[in-house]
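Work through the following exercises with the sequence and the coordinates open beside you, and try each task before reading its solution.

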Amino acid sequence: MAERKFGWGKRSENVLIGKSIPRIDAAVKATGAAKYTADTNSKGTLFARLLSSKHAAAKLTAIDLEAVKNLPGVKAVHAFKEVGDEIRWEGELIAAVAAERAEQAEDAVKALEATAKFEVLEHFVDEADVARAAFANRTKGLGKANKGDVEEALKTAKAVHKGFYGIHTISHMCLEPHGSHCEWKGDDLDVHLSTQSVSGTPSQFAEPLGIDASNVTVTANYEGGGFGSKFQADEWGIAAAKMAKEAGRPVRLMLDRATELKIGGTRPSGFIDVTVAADADGKVVAWDSIHWGTAGVGGGGVDLGQMPYPFDFPNVSKAQVGISCNTGPNRAWRAPPHPQLCAITQPALDDLAAKLKMDSYDFFMKNLVFTQHGKGEVYAEEMKIAAKEIDWKKKWHPRGKGAAGPVKQGLGMALHTWGGGPGACTCTLKIHPDGAVESFLGSQDIGTGTRTIICITMAETLGLPLEGVKVNLGSSKYPASAPSGGSITVGGVSGAHRRAAQTALWKLFDLVAAKYKVEADGLTAKDGNILNGKDKVCTWKQACALLGQMPLEVQGKGPEKDGLTSERVGGVQMVDLSVDTGTGLVRINKFVSVQDCGMIIDELTAKSQVLGGLIMGIAYALTEEQIMDNKTGRYINADLLNYKLPGIGDVGELVAIMYQPDSEYDRGVIGLGEPPVIAPGAAISNAVANAIGVRVPVLPLTPKRVLDALKGGQA
Amino acid sequence: MRDLSHPLSETAPGETGQGGSGFSRRAFLKGSGAAVAASVIATAVEESIAQEKKVQRVVAGKPTELKLDINGKSQTVTVEPRVTLLDVLRNDLNLTGAKEVCTTTNCGACTVLIDGKPALACAKFAVECLGKKITTVEGLNSGKELDDVVKCFVKHDATQCGYCTPGFMVATKAFVSANPGATLEQIRKGLGGNICRCGTYDGLAKAAVECVANAKKGGK
């Protein structure tokens, strides 16, 4: 018998893989039938509300929990803070109440608030002003690195550019807020959790509750957005479980919108002073930077490691300073911290190109030799495709030299990279004697299409229609699978399922070979039949009937180094936009993304990841930011009215081109969730500079910042 | 944040109540001149008085039994007058398709139909909805065959996490019914009150384009 090896089929022979297939749970979501954590309503469910701090820095000096315990409907009260505890940011949780009805819990929280007293302490929330932060003793050096001789390189450079750039903190703004529904059944705890980590969270509940992780079942059938902020049980999850225990009733506790924005996760800010220089040929010879920002009280910010992103120039000097702010703690935000790195690196490079009087396209093309991870040739191909789609050569004009009139058009580009290697995954694949196929895994579909690509993988491998296979995920009682973050899910789950399905198929082939007296090596599964060469041997159902009474159960594991999956993508984005110099309003005309990502399982959902990335990118490039008030220390736009997100009419024409030569197919599956959200900030900033002739240094490029830059004149 | 307007004030989607006058600001703005405006007010006030007679007496602060017409069925709940339609739908009746996202009328995730017109359930008290026909996303999707809007959402991948999707489904359904053959620009304006965080606008727009074309062709 020939050696049996895991691998994907020939690209040309695929029936499902690589095609555009609608996601299998789209109708369930669109009809409102999909049940999220916030929709869990088991009998007797109590509703929880939270008391959070209005102070950015304070000490709790009094609170009377007893005062509310006998209020109408109140069944349980939980204290996050004791008298004497410190509060370090606005929104930090103080107490929770669970009551028969939500409005009763709200009443109790108001009553509780009346009993709470604070000693207000000094706060600091100005993330952008490093001098002020240093004066307030809020800064900390977070490292520096040197390569080559920057000083010497600057002396001989043809052009030197000095600039300041920045990008403000944003919130994750998950539409389904963080939260859970907790219900005890004896010693066992059932948690519906809005999470990106079904397999990883039971032990986080067990330890603080003093029970075994085996007593905890975490379920997440659907999750209303996480973007990197939902990997934990969180203190409010533990509080829900404790209150459920105290009340002897299920408790649903979801963060309210303002609290979600304040403590549900933020993306660190980044600001940079940089000097960058090039030779006469337009190649960068030196990079010298210091950057700062905040990730909350802990300081931190945008990691120094990959600065300048994603380049490795000959002479580099760089340093990072963290600022401790009394703001909600950061959490991973889609592609951490690449969007910020990109947004404070590539505008500086684009300004250097302008100083050299070079077309940005030619400048970036010339400097691809310095890109990390050996992606230079792929970037070059992607740049050519993107430029053709957006008509770069025809539309590009020197900075600020577009057509006359108050509305200025401009072009900009940026490029990015990400790993996207496979995460750990174990799945159990079952083939029933009647031919039914299902798999089980403790992964989660956070909206990326995980269910769909698992079903495509199984159906393609077993030669069945999509309806012939079923996936069960979203329970911690299923085999463990990694959290969904960092674009590791698609590789993890598709690799494990391909291995499981191929292993199962080989076992079936052996049974078929013995029964029908054919060679197992020559068998294939296609269109619901088992074929020997081109001849039909039996149907899928007849083959499965050979199993007897018991289903065939196979485990698939990953990651393995067998070629099914790999890692490292590039990607190029180009944007055509218009700026109204009277109002400062930026409008996207056309936004093109060319993205490599190895082998694509479902082109439709892959493109949706890219389009979603562009739209989230437009949001943080143009409108969204956490606005902190220095005087009060408060997050003053913590609601959906003042925290501005684009609507359906604000995103222009979007084009997602998947870079798919056979060489990409041969790389196997690579994750795609993070990469497309990285470059929009820099690309849009560069296009605005091209349009109006001056750099708007700090994202988001709100009308006010655009008008200020126009008034300031010089880049 | 919740507006304590008169229980009978008729608010257009996206607007909070305008005091107790009982007419819609949007309807008022539609009028082109004082005469029109005056007649709109007069009619609205008459309607409001007529409605008021039908409304049972509600005691402030006390839970009161309300009979609501939801998805063609009479549903009885006992809630305080301050309880929103959204809370009643989600927490009392387990109709969880309408989502609670902003609670400030800024995102459209809780869109339902009230007497056939789109409205935000987070901006309505349940008691305001007495005598009105409420249709939720579940009600629009109770048939055996998928609604055309849902079919188009599926085809064009107009969902990611899916949390905003039911709101978009109801808003799109109402928009398509009112605007068969609408242009892309009209769609972008008409669905501008709904927010998606994952970034499904491209699929949503393509789906809506197909829906309005289908509606024009076949009156679906």
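**Exercise 1. Domains of chain A**

Task: Determine how far apart the centres of domain 1 and domain 2 of chain A lie, and describe the contact between these two domains.

Solution. Begin with the separation: in this predicted model, the centres of domain 1 of chain A and domain 2 of chain A, taken over C-alpha atoms, are separated by 40 Å. Next, count the residues on either side of the contact, to which domain 1 of chain A gives 20 residues and domain 2 of chain A gives 17 residues. The area buried between domain 1 and domain 2 of chain A then comes to about 1300 Å², with 47% of it given by carbon and sulfur atoms. Finally, look at the domain 1 side of chain A, where Ile446(A), Ser476(A) and Lys477(A) lose the most area to domain 2 of chain A and together account for 35% of what that side buries. To place these domains in the sequence, note that the assignment divides chain A into domain 1 (11-30 + 422-558), domain 2 (37-121 + 178-254) and domain 3 (266-420 + 567-712).

**Exercise 2. Domains of chain B**

Task: Give the bounds of the domains assigned in chain B, and state what area domain 1 and domain 2 of chain B bury between them.

Solution. The assignment for chain B gives domain 1 as 64-137 and domain 2 as 148-218. The C-alpha centres of domain 1 and domain 2 of chain B are 22 Å apart, and the contact brings 14 residues of domain 1 of chain B together with ten residues of domain 2 of chain B. Between them, domain 1 and domain 2 of chain B bury about 910 Å², and 70% of this area is on carbon and sulfur atoms.

**Exercise 3. The interface of chain A with chain B**

Task: Establish how many residues of each chain are in contact with the other, and find which three residues of chain A supply more of its buried area than any other three.

Solution. First count the residues: 56 residues of chain A are in contact with 50 residues of chain B. Then take the area, for which chain A and chain B bury about 4300 Å² between them, 55% of it on carbon and sulfur atoms. Of the area that chain A buries against chain B, 18% is supplied by Ala30(A), Leu175(A) and Ile648(A), more than by any other three residues.

**Exercise 4. Helix pairs**

Task: For α13(A) with α14(A), α6(A) with α7(A) and α6(B) with α8(B), find the packing angle and describe the contact.

Solution. Start with helix α13 (residues 450-462) and helix α14 (residues 489-516) of chain A, which pack at an angle of about 25° with their axes 9 Å apart. Because angles under 35 degrees count as roughly parallel, α13(A) is roughly parallel to α14(A). The crossing of α13(A) past α14(A) is right-handed. On α13(A) the contact includes Ile453(A), Thr457(A) and Leu462(A), and among their counterparts on α14(A) are Val493(A), His497(A) and Leu505(A). By class, the residues of the contact of α13(A) with α14(A) are eight nonpolar, seven polar and one charged.

Turn next to helix α6 (residues 202-209) and helix α7 (residues 234-247) of chain A, whose packing angle is about 55° and whose axes are 10 Å apart; α6(A) and α7(A) are therefore oblique to each other. Here Gln204(A), Phe205(A), Pro208(A) and Leu209(A) of α6(A) meet Gly237(A), Ile238(A), Ala241(A) and Lys242(A) of α7(A), giving five nonpolar residues, two polar and one charged in the contact of α6(A) with α7(A).

In chain B, helix α6 (residues 165-178) and helix α8 (residues 201-218) pack at about 35° with their axes 10 Å apart, and α6(B) passes α8(B) in a right-handed crossing. Phe168(B), Thr172(B), Phe175(B) and Val176(B) of α6(B) make this contact with residues of α8(B) that include Tyr201(B), Leu204(B) and Cys211(B). The contact of α6(B) with α8(B) has nine nonpolar residues, one polar and no charged ones.

**Exercise 5. Backbone exceptions**

Task: Locate the loop that holds Pro337(A), the loop that holds Pro559(A) and the loop that holds Met173(A), and inspect the backbone at each.

Solution. As background, most residues other than glycine have a negative phi, and most peptide bonds are trans. The peptide bond from Pro336(A) to Pro337(A) is cis, with omega near -20°, and Pro337(A) lies in the loop between β17 (315-323) and α9 (338-355) of chain A. Gly558(A) and Pro559(A) are likewise joined by a cis peptide bond, with omega about 0°, and Pro559(A) is in the loop between β25 (552-558) and β26 (572-580) of chain A. Met173(A), although not a glycine, has a positive phi of about 50°, and its place is in the loop between β9 (170-171) and β10 (179-185) of chain A.

Methods. Residues numbered from 1 in each chain as written. Chains lettered and ligands numbered in written order. Predicted model: local features only at pLDDT ≥ 70, side-chain atom pairs only at ≥ 80, totals over all residues. Heavy atoms only, no water. Axes fitted to C-alpha atoms, helices over the stretch in contact; angles between N-to-C directions. Helix = DSSP H or I, 4+ residues; strand = E, 2+ residues; numbered from the N terminus. Parallel < 35°, antiparallel > 145°, perpendicular 65-115°, else oblique. Left-handed = near helix turned anticlockwise from the far one by under 90°. Contact = heavy atoms within 4.5 Å. Nonpolar A, V, L, I, M, F, W, Y, C, P; charged D, E, K, R; others polar. Domains from an automatic or database assignment. Buried area = accessible area lost by both parts, 1.4 Å probe.
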